[in-house]
Structures are given as C-alpha cells and as structure tokens.
Amino acid sequence: MAKSWEEINARIASGEAVVMTAEEFGALAADEGVSAAARKVDVVTTGTFGPMCSTGAFLNFGHSDPPIKMGEITLNDVPASGGLAAVDTYIGATEPSRTKGIEYGGAHVIEDLLRGRAVHLKATGPGTDCYPRTEIDTWVTLEDLNQAYFFNPRNAYQNYAVAVNTGDQALYTYLGTLLPRLSNATYCSAGALSPLLNDPTYRTIGVGSRIFVAGAAGYVAWEGTQHNPHQDRDEHGVPVKPAGTLAVIADLKAASPEYFSAATFTKYGVSAFVGIGVPIPVLDEEIAETLALTDADLKATIFDYGVQRRSRPALGQVSYAQLRSGSIEVEGKTVPTGPISSLPKARAIAAELKRWIAQEKFTLAAPLQQLPQPGSQAFKPLEIRTEEAI
Amino acid sequence: MARRRLDLTFPPSQATKPIAYHLVKDFDLTPNILRAQIQPGQQGRMLLEVVGPREAIDAGVAFLAGEGIEVLPAASDICLDEDQCVTCGLCTAVCKPGALTLDNDSKLVFDKDKCVYCEACVVACPRRAITLRF
C-alpha cells in the first residue's frame with residue numbers, strides 16, 4: 001500500500017488528503033488496525049509546546065544616518081550578539097536582562113516583538129570611516145526590522161528525562177522545582193503527539209522538512225545540537241531517553257505569540273516555550289506502526305537530579321500514560337507527577353497544522369538530506385584538560 | 001464540624017492580641033494560621049482557617065469583630081492570570097495540598113479550598129501567571 005510523497009502532495013493539492021493528528025491516528029489504529037488506518041490516512045500531524053532553551057532570532061535593524069557598526073547591543077536591557085555585521089544581531093532566548101535578571105530575558109524580548117510592542121535598542125560602536133556613529137538609542141518594532149527570523153539550534157527533543165530528587169534539599173532546575181526525598185517528578189514531552197517520537201528513525205523528518213514553528217511555516221534547517229540518535233531504544237525503535245533534536249528556521253514576522261511564550265525558571269534562568277509541529281506522511285505500514293503508538297506504549301527514563309553530575313543515576317522507566325495519570329512508582333514510593341510541556345497547546349498545534357494541510361493546502365517537503373541515523377554518531381562529552389595534554 | 005477561612009485585618013492597637021488563644025479556650029475552635037503579617041503598632045493581616053461547630057465559629061467571628069478586627073471571608077487571594085498561563089502544568093508538580101490539578105483534558109483546575117497559600121506555585125510558574133495578593 002506504499003504511497004509516495006508526490007501522491008500525498010497531489011491529494012493535498014486537490015483537497016482530498018485525509019489528515020489526522022497523531023492522537024486521532026492512534027485511536028483509529030486501535031479501532032481498525034494499523035493496516036486499515038495506514039490505507040485510510042495520508043498525513044499525521046504532531047505537535048509539542050515545551051521550554052526549549054536553544055532558541056533565538058536573527059534580526060537586521062537597517063542603517064541609521066550616519067551609520068553605526070554595532071558592537072555592544074542591548075534590547076530592553078538584554079544583551080544581544082555584536083559579533084556579526086554592522087546592524088545584524090542574534091538574540092538568544094536565555095540571555096538575562098542587565099537590570100531585571102532572569103525575570104526578563106531574550107525570550108521576553110522575542111515575545112514582546114511578536115506582540116507588536118516597541119523594544120528599546122541601544123548600541124555602541126567603535127566609530128570607523130564607513131560607520132562613524134559611536135552610539136545609538138532608539139525604539140524598534142517587529143514591523144520596522146528588515147529581517148527577523150528564528151534560528152533555533154535545538155528544538156523538539158525526541159523524548160526527555162523524568163526528573164526526581166532523592167536529596168534532602170529542594171532543587172530548582174530547568175525541569176522545575178524538584179522537591180526533596182522523591183516528593184515529586186516532572187517530565188517534558190508531548191508523548192504520543194511529539195514529532196520525533198512519531199518518526200523515531202528520522203525517515204520522513206530531515207533537512208528541508210516543512211514544519212510549524214511558533215505559528216509560522218518554517219523548515220528543519222539541520223540536525224539539532226546534541227542530536228544523539230545513538231541512544232537506548234525500545235522494541236519499536238523509539239528512544240527511551242533524550243535522543244534526536246532539530247535545528248529549525250522560520251520567519252518571526254509570520255509567527256504568533258499564541259505559540260511562543262517566554263519562561264523564567266526560578267533560580268535557573270530564562271527559557272522559551274516554542275510550539276513545533278511536524279507533518280508526517282503515512283508512506284507505508286512501517287511508519288504507520290510508530291504513528292499508531294500511544295502514551296501507553298511510549299516510555300521515558302527517570303533520572304535522579306539529586307546527583308549533580310553529568311551522568312545522573314537512572315531509576316527506571318515509566319510510560320507517558322503512567323506519567324499523565326498523576327503519579328508513578330519510584331523505588332517503592334508513590335510519587336506525584338507534573339508536566340512541563342503543555343498538552344493542550346500540543347493538541348492545538350497538531351490541530352492547526354492539520355487545518356493548514358486540509359484547508360490551506362500546505363504540502364509536505366521530503367528531506368533534502370537525512371538527519372544522522374541511529375548508530376551513526378555518539379554523543380561526545382566535554383573533557384577538562386590543559387593545552388599540554390592535547 | 002464546619003471549616004471556614006477568614007481574612008483578618010488588625011488595627012494597630014490590636015496587633016498583638018492573642019486571638020488564637022481565645023478562639024481555642026473560649027470557643028473550642030481549632031485555628032490554623034495560613035499566613036500572617038503582624039507587627040506591633042502597625043496594621044496587620046492574617047489568613048486564618050478555623051474548624052469547629054458552625055455556631056462556635058459564628059460566635060468566634062463575633063468575638064473577633066467585637067475586638068475591632070475586620071473579618072472577611074478569605075477569597076481570591078491566589079490569582080491565576082489565564083492570559084499568561086500556557087497550561088504547562090508545572091504548578092501541579094509542586095502543589096502538595098492538591099489545590100492545583102490537571103483534569104482529564106490536561107486543563108488546569110484550581111480548588112481554592114485546598115490552597116494553603118504556601119506560594120510554591122507562585123515560584124514555580126515559568127510564566128509568572130500566579131500571584132498571591134495578601
């Protein structure tokens with residue numbers, strides 16, 4: 001029953017494509033079997049909305065008169081990179097404000113731009129023959145910028161840790177507040193709706209895939225940083241620990257604050273909730289098998305963040321259905337759970353992407369280049385060494 | 001047995017009055033101080049939960065009012081800004097009394113009666129969507 005990308009795109013273009021969210025497809029496959037579901041459905045949409053620290057935007061301000069070669073740049077007191085051409089910058093989501101610290105950061109600047117608010121731009125430069133101005137103090141809106149686009153080096157993590165704390169002190173982490181002595185557990189994945197859990201070996205998701213990024217149509221630009229396909233996998237080939245990642249690009253001017261939200265994690269730092277949705281073509285039964293997996297089938301590994309080392313002890317595996325039930329068992333103790341990735345938002349993203357495909361004829365793009373495959377590369381640590389030791 | 005939550009405002013002259021003692025000894029109530037901001041010689045506030053027979057609570061409240069303490073039903077002290085909330089659910093992970101939970105659709109439900117004003121959710125919320133007015 002194999003279908004080609006071209007056949008599926010032709011059906012999208014003619015308005016005949018059958019599109020379902022990953023949750024709907026899982027329910028259909030449970031009712032009618034995977035083969036029947038694979039024949040019936042052309043595209044499955046996924047979605048996720050969690051904090052993704054490796055997020056940011058390239059901006060071009062245009063030239064003032066006389067022009068300036070911006071070196072030190074701040075936007076609403078948040079430092080942005082001055083290491084690019086005269087009026088280009090990159091604002092990273094996790095950069096804290098010089099005056100408000102982690103309560104306002106790069107992610108908040110991006111959210112303010114998306115909301116149409118004016119942002120205070122201040123910069124200094126060396127003053128050169130071609131860029132004589134040495135200081136600038138002005139206000140800019142998203143509309144004023146020549147280019148503004150997300151380039152997020154690591155989004156849409158394929159699975160993530162379940163975090164617990166066996167220590168005696170509360171820990172304030174990027175996975176929220178972890179109460180002492182196994183008093184809570186937090187987790188961060190859209191589970192059955194998660195893009196890379198639905199295509200675990202990156203058959204259809206690769207460089208050039210057209211995707212949903214914060215409400216805009218964007219692309220997978222490259223493998224994400226820390227992309228680690230060489231991770232433990234279950235009988236379906238699905239990773240049970242943090243594995244693949246995506247670097248994504250999309251027009252900030254076409255994005256929506258409904259699908260991008262700045263975040264502050266107390267005593268940790270700034271981050272950004274980013275909405276990512278990926279459409280997956282139902283090419284054959286093999287991909288349908290993983291598209292049909294539900295929260296009961298997908299598992300995550302529990303890690304003890306009470307051990308503050310690179311390799312934290314693993315305390316077992318649980319399914320996303322167990323995590324969503326509100327409590328799990330860890331070392332014989334019933335531990336209440338709480339999510340960090342928003343399921344209602346993930347559902348809204350998968351539904352919106354479904355609407356794009358079914359109503360706006362958003363066609364799919366086959367990968368121009370595959371992401372590194374399982375077994376192809378290992379994840380390297382950073383060793384601390386001296387120059388002499390090299 | 002009834003349970004009631006009261007928001008008490010103390011005038012400066014009554015700020016050091018040992019009201020918990022009187023509620024126990026004179027009215028046989030079980031007081032539980034959830035939050036308090038009391039300084040001698042200044043206006044003070046207390047969020048107080050009392051448990052006991054309904055008539056005893058009414059009598060206790062009348063006693064407090066007679067002492068010049070303003071007594072209001074405690075309400076809407078924890079505020080959730082729904083425009084800021086992204087329903088991530090992280091607040092539910094730190095809410096030990098179970099006042100903040102997710103329903104079957106993963107929508108956030110806040111049961112104010114279970115809240116003990118510990119502020120764990122205020123600190124945990126990455127959107128700073130939860131505030132405590134006290």
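Buried means a relative accessible area under 20%, exposed means over 50%, and partly exposed lies in between, taken with a 1.4 Å probe on protein chains only. This is a predicted model, in which local features need pLDDT of at least 70 and side-chain atom pairs count only at pLDDT 80 or more, while totals for chains, interfaces and linings use all residues. Residues are numbered from 1 along each chain as its sequence is written, chains are lettered from A and ligands numbered from 1 in the order in which they are written, and side-chain values use heavy atoms, with hydrogens and water left out.

## Chain B

Helices (H or I, at least four residues) and strands (E, at least two) are DSSP runs numbered from the N terminus. On that basis chain B has 4 helices and 8 strands, and from the N terminus its elements follow the order β-α-β-β-α-β-β-α-β-β-α-β. Its C-alpha trace spans about 45 × 35 × 20 Å along the principal axes, and buried residues account for 42% of the 134 residues in chain B. With contact taken as heavy atoms within 4.5 Å, 68% of the contacts in chain B between residues at least 6 apart in sequence join residues at least 24 apart.

One residue of chain B can be followed in detail. B:Asp77 sits in the loop between strand 4 (70–73) and strand 5 (78–80) of chain B, and it counts as buried because its relative accessibility is 5%. Apart from neighbours within four places in sequence, B:Asp77 is in contact with B:Asp7, B:Arg45, B:Leu47, B:Tyr117, B:Thr131, B:Leu132 and B:Arg133. Of these partners, B:Asp7 is 70 residues from B:Asp77 in sequence, with a C-alpha to C-alpha distance of 9.6 Å.

## Salt bridges

A salt bridge is a side-chain nitrogen of Lys or Arg within 4 Å of a carboxyl oxygen of Asp or Glu, and by this rule there are 25 over all chains. The table lists four of them.

| Residue | Partner | N to O distance |
|---|---|---|
| A:Glu103 | B:Arg128 | 2.8 Å |
| A:Glu360 | A:Arg355 | 3.0 Å |
| B:Asp58 | B:Arg4 | 2.9 Å |
| B:Arg35 | B:Glu119 | 2.8 Å |

In the pair within chain A, A:Glu360 counts as partly exposed because its relative accessibility is 48%, and A:Arg355 is likewise partly exposed at 30%. The salt bridge between B:Asp58 and B:Arg4 links distant parts of the chain, since B:Asp58 belongs to helix 2 (residues 54–66) of chain B and B:Arg4 to strand 1 (residues 2–10) of chain B, 54 residues apart. B:Asp58 is partly exposed, with a relative accessible area of 40%, and B:Arg4 is partly exposed with 28%.

For the salt bridge between B:Arg35 and B:Glu119, B:Arg35 lies in strand 2 (residues 30–37) of chain B and B:Glu119 in the loop between strand 7 (108–110) and helix 4 (120–124) of chain B, so the pair ties together parts that are 84 residues apart in sequence. B:Arg35 is partly exposed at a relative accessible area of 21%, and B:Glu119 is partly exposed at 27%. Elsewhere, salt bridges that share partners join A:Lys3, A:Arg11, A:Glu16 and A:Asp42 into one network.

## The interface of chain A and chain B

The contact between the chains involves 30 residues from chain A and 19 residues from chain B. Buried area is the accessible area (1.4 Å probe) that two parts lose on being put together, summed over both; here it is about 1700 Å², with 55% of it on carbon and sulfur atoms. A:Thr266, A:Pro339 and A:Pro344 supply 24% of the area that chain A buries against chain B, more than any other three residues.

The rule finds 2 salt bridges across this interface, one of them between A:Glu103 and B:Arg128. There are also 12 residue pairs in polar contact, both residues being at pLDDT 80 or more, where a polar contact is a pair of N or O atoms within 3.5 Å; within protein, one must be able to donate a hydrogen and the other to accept it, and residues adjacent in sequence count only if both atoms are side-chain atoms. On the side of chain A that touches chain B, the elements giving two or more residues are strand 15 (176–178), strand 20 (260–265), strand 26 (333–339) and helix 8 of chain A, and the largest share, 5 residues, comes from strand 20 of chain A.
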